[in-house]
Amino acid sequence: MSDGSLLRCWFFSGKKPETETPARSNEGVIRGRVMGEPTWTREKLRRLVHREIGDYRLIVVSNRQPYVHDLVGGELSYASPAGGLTTAIDPLMQECGGTWVAFGGGKGDLYAVDEKNRIQVPPDDPSYTLRLVWLTEEEQQGYYYGFSNQGLWPLCHNAFIEPTFQTSDWETYKSVNNEFARQVLDEVDGRPAAVFTQDYHLALLPRLLREADPNIITGQFWHIPWPTYEIFRICPWGDQLLDGLLGNDLLGFHIGDHCDNFMEAASRILGSSVHDEYNLVYQNEEPTLVRPFPISVDFEQISQESRSPEVTEEIDRLTEEMKLGGMIVGLGIDRIDYTKGIPHRIRAIGRFLEKYPEYIGKVVFIQAGVMSRTDIDAYQRLSDQIDQELNNVNGRFAHDDWRPIVYLPDDLPAVTLAALRRIANFCVVSSLHDGMNLVAKEYVASRFDEDGVLVLSPFTGAASELTDSVIVNPYATEKFADAICEAVEMPYEERHGRMVRMRSVVEENNIYLWAARLFVDLMQGTRRSRRPVRSF
Ligand code: GDG
């Protein structure tokens, strides 16, 4: 069976569990698995891409670049920004080659690129081209901080932060999307190309590309949820966003609910024809295939790195410095964002200690996470709120040199994050709403020892797959406190059984399977179906 036909055998319902504590079974996720087939690897993906891509060039476009250059004292250095997008797409590009077009936001970027604004990356072992787009301060404010992150981000997440829609931000968003289109078209240069756009910053790009060059194959992955029609319709320019996205041959979301919400919005706002048995939306008589592709992590790499001597040394260092010896350790790792439910988590830990005082002095919760979007008021308010909740819980329970919660709001190196994942007896992901959440999958992938408990919000895409986690509503503080207690007290046999099953899910549904499914649908499904169809 060829890789392509094997992929088409896959079916992923993508539906969220209907109850808070779904049946502990992975059947829905691993349905379609062909027993005995090896899991997807970089090498297998590379072969698939080379076979499918033919003469087409692969171009990835995103706001954020995977390697940001800094300039300190005349010295250039680089770092990979924290965030799910880089984690997911960089390994894919490393295998496939091609060009990644992104905003050059680093202080050292201008010095790192050549005269065509290109640089080969990864810096220590180059395998693909990064082409940078320059934006003025004003453009960044309007397009990134404004329309994308104060409009679309809260619009798409049920976190009860009101979206703000400013006409000037929208105008800037449009002009920046045009600038990205100009740069991508320059990169394509009339040759056959498949352009794979990432996320909500570039919703207008596919339509602009299709209008300029109808031969370009266009695909996009929307990394965040798509809201219900009732919520989406408050966006004053929703029709234009939908039309922009329907310039794609293929549009991917993490789960089926988000696809359904998108198709409903297209039908009710634009009057597009929706053929939902085939997940097709027709706009201007041209089809867009709308499908769930649950994103994942490089299971094998994370699992391997987790066993490395560097990680073991780091575990020793952290255990000594943070006095973790003999403690039950809990862990949270997040980009500090109001969608991640961090204050809710801290409150639940406080309630857990109140309800189960026998754990005072015995449990330490480490909250790691990098600050993001600090220029936006809602993020500053979140930071204050986290400080308040922390002071409250630590103030009430700390004694001698023990504190229940240790907060590390830094961009921690990968080795430290890996060590924390191995130290942690349990990991808490309490998002109020999250497209997928890679932290949950990274925790599972790290636990080669097949131990550890994942406490997971049902409002993450990951909850559809990781049904062996302890699933708990982050708003239900009482139940959340009990879930923490359940994680702390879970017997080894049960922890082990659950972790083995979750590892098998993440190992199967890894980042390479995600990329392979997307790629096959992009190159085969859509190229053939790009025929005008009048009506159903
Ligand atoms: C969006 C969607 C979707 C976290 N703190 C540090 C750090 N991280 C890394 C984690 C993980 C990544 O950042 C966060 O990924 P998430 O998936 O949790 O979240 P978003 O950034 O919101 O990503 C999300 C994702 O896109 C992919 O489609 O899953 O739903 O919102 O890899 O480990 N990394 C470093 N230092 C930190 O302090 N280096």
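# A chat about the predicted model

Modeller: Let's start with Pro474, which lies in the loop between strand E18 (470-471) and helix H18 (477-489). Helices (H or I, at least four residues) and strands (E, at least two) are DSSP runs, numbered from the N terminus.

Colleague: Is this model predicted, and how are things numbered and counted?

Modeller: This is a predicted model, so to speak of local features pLDDT must be at least 70, side-chain atom pairs count only at pLDDT 80 or more, and totals for chains, interfaces and linings use all residues. Residues are numbered from 1 along each chain as its sequence is written, and side-chain values use heavy atoms, with hydrogens and water left out.

Colleague: Back to Pro474. Buried or exposed?

Modeller: Pro474 counts as buried, at 1% relative accessibility. Buried means under 20% relative accessible area, exposed over 50%, and partly exposed in between, with a 1.4 Å probe and protein chains only.

Colleague: How far is Pro474 from His344?

Modeller: Their C-alpha atoms are separated by 6.1 Å. Along the chain, Pro474 and His344 are 130 residues apart.

Colleague: Which residues of H14 are buried?

Modeller: His344 is one of them. The others are Ile342, Pro343, Arg345, Ile346, Ala348, Ile349, Gly350, Phe352 and Leu353. That makes ten of the 14 residues, so H14 is mostly covered.

Colleague: What span should helix H14 have?

Modeller: Helix H14 covers residues 342-355 and should span 20 Å, at 1.5 Å a residue. The expected span is 1.5 Å times one less than the number of residues. The end C-alpha atoms are 20 Å apart, which agrees.

Colleague: New topic, the ligand. Which residues are closest?

Modeller: The closest are His223, Asp411, Asp434, Leu438 and Glu442. In total, 25 residues surround the ligand. A residue is near a molecule if one of its heavy atoms lies within 4 Å of it.

Colleague: What polar atoms sit by the ligand's nitrogen atoms?

Modeller: An N or O atom in the side chain of Asp411 is 2.8 Å from a ligand nitrogen. A backbone N or O atom of Leu412 lies 3.2 Å from a ligand nitrogen. A polar contact is a pair of N or O atoms within 3.5 Å; within protein, one must be able to donate a hydrogen and the other to accept it, and residues adjacent in sequence count only if both atoms are side-chain atoms.

Colleague: And what about an oxygen atom of the ligand?

Modeller: One is 3.0 Å from an N or O atom in the side chain of Lys340.

Colleague: How much of the ligand does the protein bury?

Modeller: The protein buries 92% of the 730 Å² that the ligand exposes when taken alone. Accessible areas come from the Shrake-Rupley method with a 1.4 Å probe; for residues, only the protein chains shown count as cover.

Colleague: Which elements give two or more residues to the shell?

Modeller: Helix H4 (84-96), strand E13 (328-336), strand E14 (363-371) and helix H17 (438-446).

Colleague: What is the shell made of, by class?

Modeller: Ten nonpolar, eight polar and seven charged residues. Ala, Val, Leu, Ile, Met, Phe, Trp, Tyr, Cys and Pro count as nonpolar, Asp, Glu, Lys and Arg as charged, and the others, Gly among them, as polar.

Colleague: Which domains does the shell draw on?

Modeller: At least three residues come from each of domain 1 (3-13 + 50-55 + 136-296 + 512-525) and domain 2 (299-509). Those bounds come from an automatic or database domain assignment.

Colleague: Switching to the backbone. Where is the cis peptide bond?

Modeller: A cis peptide bond joins Val121 and Pro122, with omega about -10°. Pro122 is in the loop between strand E5 (118-121) and strand E6 (128-133). Most peptide bonds are trans.

Colleague: What is phi at Asn117 and Asn279?

Modeller: Phi is near 60° at Asn117 and about 55° at Asn279. Both values are positive, and neither residue is a glycine. Most residues other than glycine have a negative phi.

Colleague: Is Asn279 buried or exposed?

Modeller: Asn279 counts as buried, at 18% relative accessibility.

Colleague: And Glu313, buried or exposed?

Modeller: Glu313 is exposed, with a relative accessible area of 58%. Glu313 lies in helix H13 (residues 309-321).

Colleague: Last one. What does the side chain of Ser469 sit by?

Modeller: A polar atom of that side chain lies 2.6 Å from the backbone oxygen of Leu466. Ser469 counts as buried, at 5% relative accessibility.
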